[in-house]
Amino acid sequence: QVQLVESGGGLVQPGGSLRLSCAASGFTFSLNDMTWYRQAPGKERELVARIGPFGRSINYSDSVQGRFTISRDNAKNTVHLQMNNLKPEDTAMYYCHAPTMGSWGQGTQVTVSS
């Protein structure tokens, strides 16, 4: 059974940083693209970042380019999202997603507020 478990969310002031993690199990993690999405209240879920199986292919949304960094550790079946210089508009529920598995985690809440 595919499982994705996110962690690392919380409340942070503008300009602060957070590091999200997603622990994956139940599939061959190292052969799959992994993504992070986010969804703010009243808004559609949006793709934040994507990383290819070996970490060489990476894409970011324009809104986070230069501030967020996606990475993965295939030995530990984990994917991370380092978020720096956070802004109030980054406030959202963040989800880990394995596109080819069609699986989603339960999400972790990120709130950026002073």
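A salt bridge here is a side-chain nitrogen of Lys or Arg within 4 Å of a carboxyl oxygen of Asp or Glu. With that in hand, the predicted model can be walked through, starting with its charged pairs. The structure holds 4 salt bridges. One of them joins aspartate 90 to arginine 67, with 2.7 Å between the closest N and O atoms. This pair ties together distant parts of the chain: aspartate 90 sits in the loop between β8 and β9, arginine 67 in the loop between β6 (58-60) and β7, and 23 residues separate them. Both aspartate 90 and arginine 67 are buried. Salt bridges with shared partners bring Arg38, Glu46, Arg67 and Asp90 into one network.

Within that network, glutamate 46 and arginine 38 meet through their side chains at 2.6 Å, N to O. Glutamate 46 has 32% relative accessibility, so it counts as partly exposed, whereas arginine 38 is buried, with a relative accessible area of 5%.

Another salt bridge runs between arginine 50 and aspartate 33, whose closest N and O atoms are 3.0 Å apart. Here, too, distant parts of the chain are linked: arginine 50 belongs to strand β5 (residues 46-51), while aspartate 33 lies in the loop between β3 (18-25) and β4 (34-39), 17 residues away. Arginine 50 counts as buried because its relative accessible area is 18%, under the 20% cut-off. Aspartate 33, at 26%, is partly exposed.

Turning to the strands, 4 of them make up an open sheet, lined up as β1-β3-β8-β7 with antiparallel pairing. At the edges are β1 (3-7) and β7 (68-73), each of which pairs on one side only. On average, neighbouring strands in this sheet are turned by 15° against each other, direction ignored. The β7 edge strand is held to strand β8 (residues 78-83) by 6 bridges in the antiparallel sense, and arginine 72 has valine 79 of β8 as its bridge partner.

Strand β11 (residues 108-112) has two pairings worth following. With strand β2 (residues 10-12), β11 pairs in the parallel sense over 3 bridges, and leucine 11 is partnered there by threonine 111. With strand β9 (residues 92-98), the pairing is antiparallel, again over 3 bridges, and alanine 92 stands opposite valine 110.

In a regular strand, side chains alternate between the two faces of the sheet. Strand β11 shows such an alternation: Thr108, Val110 and Val112 point to one face and are buried, but Gln109 and Thr111 point to the other and are not.

Terms used. Residues numbered from 1 in each chain as written. Predicted model: local features only at pLDDT ≥ 70, side-chain atom pairs only at ≥ 80, totals over all residues. Heavy atoms only, no water. Buried < 20%, exposed > 50% of the residue type's maximum accessible area, 1.4 Å probe, protein only. Pairing = 2+ DSSP bridges. Axes fitted to C-alpha atoms, helices over the stretch in contact; angles between N-to-C directions.
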